[in-house]
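Q: I have a model open and want to learn how to read its surface and its hollows. Where do we begin?

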Amino acid sequence: MKLNGAQIVYECLRHEGVDTVFGYPGGVVIPLYDELPNYPDIHHILVRHEQGAAHAADGYARATGKTGVAFATSGPGATNLVTGIATAFADSIPTVFFTGQVVRSGIGTDFFQEVDITGITLPVTKHNYLVLDVRDLAKTIKEAFYIASSGRPGPVLIDIPKDVFTDACDFSYPDNVDLQGYKPTVKGNPYQIKKAAALIAKSQKPVIVAGNGVIGSNSAELLKELAEKTQMPVVTTLLGKGAFPEDNELSFGMLGMHGTAWGNKAVLESDLLVAIGMRFDDRATSKLTGFAPNAKVIHIDVDPAEIGKNVKVDVPIVGNIKQVLLVLNEETAEAKHDEWINTLKGWKKQYFVDYDSSEKLLPQYILHNLSRLTDGNPIIVTGVGQHQMWAAMDITHKYPRHFISSGGLGTMGFDTPAAMGVKAGCPHKEVISITGDGSLQMTIQEFGTIMQEQLGIKIFLFNNNYLGMVRQWQDLFYNRRYVATPLANPDFGKIAEAYNIPSIKVEKKADVEAAIIKALSTKGPFLIDFHVEREENVFPMIPPGAALCDTLINREEGY
């Protein structure tokens with residue numbers, strides 16, 4: 001069957017089960033878009049900026065577990081993807097990006113809208129390709145999807161010159177991939193797994209630290225089985241939210257800079273850490289010399305490069321999390337740690353802060369009400385900043401793939417386009433985008449996509465007229481010199497109205513519940529503009545350069 005390059009792209013997407021693509025057309029990808037009507041089973045969502053396409057593909061992948069796909073043209077279209085590609089790379093999200101390139105004869109001549117996008121994205125992709133022969137296209141796409149979704153997932157970019165889209169060749173899709181030098185380890189070493197089981201059996205104060213790898217490998221049920229069989233308490237990283245149900249008595253919240261005081265203390269006092277699918281990044285560990293100083297460490301991860309990179313590991317296990325946990329759960333004996341669990345529960349009572357009793361309109365109160373009214377069922381998507389930390393801490397997260405956020409790169413503006421991708425991938429799920437007035441305005445043009453696609457996203461805006469997290473650091477560490485952080489904001493309700501998105505403004509605590517109910521009961525998109533307390537800070541917090549033992553419960557108090 002003879003097909004041109006553009007047709008080959010779509011046939012390959014069909015073979016990979018792709019049903020949704022996010023993109024923005026341009027000159028060199030017109031041949032690709034010209035073939036799109038011939039593939040009605042592939043739904044193209046037109047974004048308003050290529051960064052939005054990248055974040056939407058990312059959100060789609062996080063929520064569905066499938067590989068997200070985005071299109072962009074050459075030059076500025078391709079470079080506009082870079083922030084979104086880097087976001088997916090930092091959080092190990094399976095995505096494939098197709099960019100157009102100038103005609104082959106123009107490469108290297110400073111042709112109009114030419115840019116070396118493979119060179120630019122080399123540090124932030126798992127792999128990338130420049131396809132110079134249409135006969136290589138199907139094989140390349142097959143490899144790209146395999147690389148993106150296998151081992152430690154990540155973004156792959158395929159750059160295709162305009163004349164490769166129009167060239168034709170016989171088409172056949174490869175049945176399998178055999179890449180020399182790329183053989184991800186799937187099964188963990190049996191001897192190491194037995195050593196891990198023996199350490200767990202000896203431990204008196206163990207803690208499981210669950211990360212994004214548990215979610216990405218669809219291993220949440222196996223994690224729950226391990227925790228309950230051994231009565232080990234569980235804390236999660238930011239991106240591990242939902243890997244373990246937070247209404248379970250063994251859950252003790254999030255670890256790290258803005259982790260729960262009791263979760264941080266549990267790690268600090270532990271004699272064994274079972275780290276699963278996490279990478280000991282600085283936001284989780286804080287000062288390494290003060291991180292779990294008395295604990296042996298078992299580290300399970302699919303990427304051998306992460307093991308021992310930041311924290312000394314006593315039992316390293318390389319392999320797919322699901323495959324490792326299947327064996328570890330068989331090898332591990334039942335155990336009880338009642339005294340240890342009761343100690344953690346005591347810390348939880350000791351360090352609990354009641355934000356709901358305040359007369360002020362606090363973000364924590366809003367999120368507690370949202371959590372109560374929805375019982376953990378919506379998918380929560382956040383931007384980056386204070387609202388992100390409040391959404392992580394003040395909602396009870398019960399299910400994997402229900403907390404979607406930019407972790408490693410910390411990308412402001414992630415919220416709206418990522419929520420679009422989530423809603424496109426999970427149309428029957430309630431999707432709530434929690435954002436701040438700074439983050440929202442990074443990608444607010446995507447309201448146009450929400451309008452055109454009629455995506456029923458509920459947007460909860462925490463509006464405090466500040467770049468809140470930067471202001472918080474200025475407050476605590478820079479003598480309250482609020483330089484370049486106050487915001488003069490527009491009327492967000494009027495902006496929403498211009499895009500046919502209904503909205504409501506909330507300025508009083510008494511109006512919160514009714515506003516949430518109204519938003520959730522409205523068909524289609526809805527914006528709530530919450531005018532929250534302007535200088536509310538996120539606590540707990542570990543100051544920069546400090547250790548877990550330096551966790552601040554509020555402005556004045558540590559442990």
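**Surface patch, cavity and pocket**

A: This is a predicted model. Leucine 132 is partly exposed, because its relative accessible area of 45% falls between the 20% and 50% cut-offs.

Q: Where does leucine 132 sit along the chain?
A: Leucine 132 lies in a loop. That loop runs between strand 6 (127–130) and helix 7 (137–149).

Q: Which residues form the nonpolar surface patch?
A: A residue needs over 30% relative accessible area to join a patch. Here Leu132 makes a nonpolar patch with Ile107 and Leu130. Together they have about 220 Å² of accessible area.

Q: Now the hollows. How many cavities of 30 Å³ or more are there?
A: A cavity is a space where the probe fits but cannot get out. The count here is one. The largest cavity holds about 40 Å³ of space.

Q: What lines the largest cavity?
A: Its lining is Thr374, Gly376, Pro378, Ile380, Ile395, Thr396, His397, Lys398 and His402. By class, that gives three nonpolar, five polar and one charged residues.

Q: And pockets? What is the volume of the second largest pocket?
A: A pocket, in contrast, is an open set of points. The second largest pocket has a volume of about 660 Å³.

Q: Which residues lie nearest the centre of the second largest pocket?
A: They are Trp262, Phe352, His368, Met393 and Asp394, out of 28 lining residues. The lining has 15 nonpolar, seven polar and six charged residues.

Q: Which elements each supply at least two residues of that lining?
A: Strand 11 (251–254) does, and so do helix 12 (261–269), helix 15 (338–351), helix 16 (363–374) and helix 17 (386–394).

Key. Residues are numbered from 1 along each chain as its sequence is written. This is a predicted model: local features need pLDDT of at least 70, side-chain atom pairs count only at pLDDT 80 or more; totals for chains, interfaces and linings use all residues. Side-chain values use heavy atoms; hydrogens and water are left out. Patches are made of residues with over 30% relative accessible area and no salt bridge: like charges are joined within 9 Å, nonpolar side chains (Val, Leu, Ile, Met, Phe, Trp, Tyr) within 5 Å. Accessible areas come from the Shrake-Rupley method with a 1.4 Å probe; for residues, only the protein chains shown count as cover. A salt bridge is a side-chain nitrogen of Lys or Arg within 4 Å of a carboxyl oxygen of Asp or Glu. Helices (H or I, at least four residues) and strands (E, at least two) are DSSP runs, numbered from the N terminus. Buried means under 20% relative accessible area, exposed over 50%, partly exposed in between (1.4 Å probe, protein chains only). On a 1 Å grid over the protein atoms alone, a cavity is a set of points where a 1.4 Å probe fits but cannot get out, and a pocket is an open set with protein on both sides within 12 Å along at least five of seven lines; lining residues have an atom within 4 Å of a point. Grid points are joined across faces, edges and corners, and a volume is the space filled by probe spheres set on the points. Ala, Val, Leu, Ile, Met, Phe, Trp, Tyr, Cys and Pro count as nonpolar, Asp, Glu, Lys and Arg as charged, and the others, Gly among them, as polar.
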